[in-house]
Amino acid sequence: MGKKNNDCLFYTCSLIEYIGRNVKRTRKEVTEFLGKDRIKRIYNYADVFHCEPIEKVASEFIEECKITSGNFDNVKQCRYTVPDYWDIGEVYERLIEDISGDGNILEGLWAVYHSWIDNYISDYNTDFYYQPRDYIAACYEEGEIL
């Protein structure tokens with residue numbers, strides 16, 4: 001299977017990560033606050049949103065969706081170098097591409113953020129998030145860390 005680089009998906013996932021870090025919410029919770037329609041809008045207009053600073057775009061969505069602060073702080077809990085939100089956005093992007101194939105990317109996005117693997121990608125005290133994309137996709141497909 002050829003590996004794609006979906007810039008719109010990369011931006012969408014990075015924005016979800018950025019918002020999650022700012023409001024201290026799990027990435028699943030962020031997707032629920034945003035909802036499928038808004039995520040589709042972010043995805044479809046990522047090239048436009050990307051022209052603005054991500055801080056501004058995130059702030060607008062946090063306000064629009066009334067995303068309240070939570071207590072999930074995987075950055076503070078990290079004992080090592082914290083990966084930046086673009087790096088983690090790329091991990092999600094690749095996994096979603098790999099499991100969606102040529103299917104519906106947005107359904108794949110929702111499935112990944114609502115699956116067991118979200119907790120593992122968000123745990124920066126393990127090396128899981130920087131494993132090869134094929135390995136992460138295989139774990140997802142098997143439903144466990146291999």
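Partly exposed, as I will use the term, means a relative accessible area between the 20% under which a residue is buried and the 50% over which a residue is exposed. By that cut-off Glu64 is partly exposed, because its relative accessible area is 36%. I will come back to Glu64 and its partner. Keep in mind that this is a predicted model.

First, the overall fold. The protein has eight helices and zero strands, so in overall size it compares with the globule rule as follows: the radius of gyration is 14 Å, close to the 15 Å that the rule gives for 146 residues, and the protein is therefore as compact as a globular protein of that length. Along its principal axes, the C-alpha trace spans about 40 × 35 × 25 Å. Of the 146 residues, 47% are buried. If you take contacts with a separation of 6 or more, 75% of them are between residues 24 or more positions apart. The accessible surface is about 7,700 Å², and carbon and sulfur atoms account for 48% of that.

Next, charge. There are 17 positive and 27 negative side chains, with the centres of the two sets 5 Å apart. Side chains of opposite charge can pair when their charged atoms come close. How many salt bridges does the structure hold? There are twelve, and I will go through some of them.

Start with Glu107 and Lys36, whose side chains meet in a salt bridge at 3.9 Å, N to O. Glu107 sits in helix α6, residues 105–113, and Lys36 in helix α2, residues 27–44, so this pair ties together parts that are 71 residues apart in sequence. Glu107 has 42% relative accessibility and counts as partly exposed; Lys36, at 43%, is also partly exposed.

Back to Glu64. Its side chain meets that of Arg41 in a salt bridge, 3.4 Å from N to O. Arg41 belongs to helix α2 and Glu64 to helix α4, residues 54–64, so the parts tied together here are 23 residues apart in sequence. Arg41 is partly exposed too, with a relative accessible area of 33%.

What about a pair within one helix? Lys56 forms a salt bridge with Glu60, and their closest N and O atoms are 2.7 Å apart. Both residues lie in helix α4, four residues apart, which is about one turn of the helix. Lys56 has a relative accessible area of 37% and is partly exposed, and Glu60 is partly exposed at 40%.

Last item: Glu17, Arg21 and Arg27 are linked in a network of salt bridges. That is what I have for today.

Methods
Residues numbered from 1 in each chain as written. Predicted model: local features only at pLDDT ≥ 70, side-chain atom pairs only at ≥ 80, totals over all residues. Heavy atoms only, no water. Helix = DSSP H or I, 4+ residues; strand = E, 2+ residues; numbered from the N terminus. Rg over C-alpha atoms; globule rule 2.2 N^0.38 Å. Buried < 20%, exposed > 50% of the residue type's maximum accessible area, 1.4 Å probe, protein only. Contact = heavy atoms within 4.5 Å. Areas by Shrake-Rupley, 256 points an atom, 1.4 Å probe, with all protein chains shown as cover. Lys, Arg positive; Asp, Glu negative; His and termini not counted. Charge placed at Lys NZ, Arg CZ, Asp CG, Glu CD. Salt bridge = Lys/Arg side-chain N within 4 Å of Asp/Glu carboxyl O.
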